[in-house]
Amino acid sequence: MNRTNYLAVGLASFCVGGLPWTGAQAADVIITADRLLDVRGGRMIEQPEILVRDGRVVSVTRNTGSSVPGAATRIALPGMTLVPGLIDMHVHLDSDPTYGGYTYLEYNDRFWSALSVVHAGRTLDAGFTTVRNVGSSDWNDVGLSQAIAAGKVRGPRIIPAAWSFGPTGSHCDSTYFPPSMEEKGPYNADGPDEVRKSVRALRKYGAQVIKVCATGGVFSRNTEPGQQQMNFAELRAAVEEASQWGMQVAAHAHGAAGIKEAIRAGVNTIEHASLIDDEGIALAKKHGAWLSMDIYNGDYTAENGKKNGVLEDNLRKDREVTEVQRQNFRRARAAGAKMVYGTDAGVHPHGNNGKQFAVMVRYGMTPLQAIQSATINASEALARKDVGVIEPGRFADMVAVQGDPTADVRLLETPAVVIQAGAVVKRNVP
């Protein structure tokens, strides 16, 4: 929506759900600020006035200072810039990076369920009003998403994957224990038929997106990031089965071969994409796959991993992958591949999600492109029309910063105000 379209909607004539607005109701909220970033048109809207009803945007008009009839709650943010509520496409809310290697075994399984509530609050305070949780244990993300939706705890909207899975011995399996422990991923799938069954079971119990492990990974044992671990038939089975149920598939894929097979199979998003090659970038463009490249967290692991208990073999893999992934991010962006914002929060502390913006800019994006990756791009990748943009019909999710984030993207690391569904959930200014 361009500036003309935003400002053409007058207070006397806008509609929601086909019904004309006839006067503000008690539930109405009016939000004003100095500027609003139109992520669709890539421009600033001066002096916006946003009318919100029942948590969704009704209109975006110019603030003329005239009164609006009827009762309405006003949220005035003078001197501030509004940006759509941010979306992190790759988090693990029940993971805490301060417990590395085997140190997590000191705690009961429900310890992580409790921590996920705290992590959700920190994520919301960081300005991320929607997240995709691509892998958790014990259905923690499903339960947390339900508690947030019911208004019992604070947190972002969550699209949960529940358990991620792959074949026996893969990155998604339990790889830290000897045979006597009989530890294994509960949804391990060897062959297309088992893949289909795992997709069906995960959906049955609350998963809204399917996460598979196409290659090895950094923080598993006995896997290497470049190793392909699911074949085309298995990946295709996951996509076909998920599509039948109206779901998308995210593929953990560091290695070039696994990335390409996942794209050919129709996977929606490639997670990490660390070792992607030119052919993989071309395939992503051809098939419309989104790349979610977590290029911030290597800094945290390099500085804190050893003291957090991360094993040397995992630190070695992280060192080998980090800079290669960042250079491939630069190449993929320059080639015009579609990219979304995914941080792998849980590998780094929750609430630090916004620190990736500056790294994305350092490796070739403009600040606007980085912001778009966490707003309109992410909403398109999710196939959702209710988040990611401040425009009529969408949730009134937004963050406010003191300054221009398209000039200094680091302003988004600590937003001053966070608004979720038209309600202020964090405010650090008078």
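Which residues are exposed on the other side of H8? The close-ups below come from a predicted model, and the first one takes up that helix.

**Close-up 1. The two sides of helix H8, residues 297–304.** Ala302 and Glu303 are the exposed residues on the other side of H8. Looking instead at what is buried in this helix, you'll find Asn297, Gly298, Tyr300, Thr301 and Asn304. These buried residues span an arc of only 160 degrees around the axis, so they sit on the same side of H8. Helix H9 (312–335) is included in what covers them.

**Close-up 2. Helix H2 (residues 109–125) and helix H3 (residues 140–149).** Two packed helices are described by the angle between their axes and the distance between the axes. Here the axes come within 10 Å, crossing at roughly 45 degrees, and H2 and H3 are therefore oblique to each other. The crossing in which H2 passes H3 is right-handed. On the H2 side of the contact are Arg110, Trp112, Ser113, Ser116, Val117 and Ala120, and these meet Asn140, Leu144 and Ile148 from H3. Sorted by class, the contact of H2 with H3 comes to five nonpolar, three polar and one charged residues.

**Close-up 3. Ser379 in helix H12, residues 376–381.** With a relative accessible area of 1%, Ser379 is buried, since buried means under 20%. What does Ser379 contact, leaving aside its neighbours within four places in sequence? Setting those neighbours apart, Ser379 is in contact with Ile87, Arg384, Val387, Gly388 and Arg394.

Technical notes: Residues are numbered from 1 along each chain as its sequence is written. This is a predicted model: local features need pLDDT of at least 70, side-chain atom pairs count only at pLDDT 80 or more; totals for chains, interfaces and linings use all residues. Side-chain values use heavy atoms; hydrogens and water are left out. Buried means under 20% relative accessible area, exposed over 50%, partly exposed in between (1.4 Å probe, protein chains only). Helices (H or I, at least four residues) and strands (E, at least two) are DSSP runs, numbered from the N terminus. The arc is that of the directions from the helix axis to the C-beta atoms. Contact means heavy atoms within 4.5 Å. Axes are lines fitted to C-alpha atoms, for helices over the stretch in contact, and angles run from 0 to 180 degrees between N-to-C directions. Angles under 35 degrees count as roughly parallel, over 145 as roughly antiparallel, 65 to 115 as roughly perpendicular and the rest as oblique. A crossing is left-handed if the near helix is turned anticlockwise from the far one by less than a right angle, and right-handed if clockwise. Ala, Val, Leu, Ile, Met, Phe, Trp, Tyr, Cys and Pro count as nonpolar, Asp, Glu, Lys and Arg as charged, and the others, Gly among them, as polar.
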